[in-house]
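Hi there,

Here is the structure I promised to pass on. Have a look, and my notes follow just below.

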Amino acid sequence: MNSHYTIIIQWSDEDECFVVSLPEWGEFCHTHGETYEEALKNAQEVLEMLIESSLADGEPLPEPKKLGKSLEVA
């Protein structure tokens, strides 16, 4: 599934893994991976599940952020 949602991947010394934030889906929407590639794969899978679940429940999808719009990362 092709989507235009933001995926932020950052290394966490505390967790000793790459932590992924999906900001359009809320401040608590995260996943992780031991490698950057695994973190990206997990993020794509989570996004697919979030989109499918929202559509199945008849809920509107969040508006994707675009370059030039500010992103707040906690």
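Of the 74 residues of the protein, 30% count as buried, where buried means under 20% relative accessible area, exposed means over 50%, and partly exposed lies in between (1.4 Å probe, protein chains only). Those areas come from the Shrake-Rupley method, and for residues, only the protein chains shown count as cover.

Please keep in mind that this is a predicted model, in which local features need pLDDT of at least 70 and side-chain atom pairs count only at pLDDT 80 or more, while totals for chains, interfaces and linings use all residues. Residues are numbered from 1 along each chain as its sequence is written, and side-chain values use heavy atoms, with hydrogens and water left out.

The secondary structure comes to one helix and three strands, and from the N terminus on the elements run β-β-β-α. Helices (H or I, at least four residues) and strands (E, at least two) are DSSP runs, numbered from the N terminus.

Now to the strands. Strand 1 (8-12) and strand 2 (17-21) run antiparallel and are joined by five bridges; two strands pair if DSSP finds at least two bridges between them. Ile8 stands opposite Ser21 in strand 2, and Ile9 has Val20 as its bridge partner there. Val20 also has a partner in strand 3, namely Thr31, and Phe18 is partnered with Gly33 in strand 3. Strand 2 and strand 3 (residues 30-33) are antiparallel too, with four bridges between them.

How many of the five residues of strand 2 are buried? Four of them are, so to speak of the strand as mostly covered is fair.

Strand 3 shows two faces: Thr31 and Gly33 point to one and are buried, while His30 and His32 point to the other and are not. In a regular strand the side chains alternate between the two faces of the sheet.

The hairpin of strand 1 and strand 2 has four residues between the strands, and Glu16 takes a positive phi near 55° there. Glu16 also belongs to a surface patch of negative charge, together with Asp13, Glu14 and Asp15. Patches are made of residues with over 30% relative accessible area and no salt bridge, with like charges joined within 9 Å and nonpolar side chains (Val, Leu, Ile, Met, Phe, Trp, Tyr) within 5 Å. Lys and Arg count as positive and Asp and Glu as negative, leaving out His and the chain ends; the place of a charge is NZ of Lys, CZ of Arg, CG of Asp or CD of Glu. Asp15 counts as partly exposed because its relative accessibility is 47%.

Which side chains meet in a salt bridge? Glu45 and Lys41 do, at 3.2 Å, N to O, and the structure holds one salt bridge (a side-chain nitrogen of Lys or Arg within 4 Å of a carboxyl oxygen of Asp or Glu). Glu45 and Lys41 are four residues apart in helix 1 (residues 36-56), so about one helical turn separates them. Glu45 is partly exposed at 39% relative accessibility, and Lys41 is partly exposed at 47%.

Lastly, Pro64 lies in the segment after helix 1 and is partly exposed, at 23% relative accessibility. The C-alpha atoms of Pro64 and His4 are separated by 6.0 Å, with the two residues 60 apart along the chain.

Best wishes

How values were computed:
Accessible areas come from the Shrake-Rupley method with a 1.4 Å probe; for residues, only the protein chains shown count as cover.
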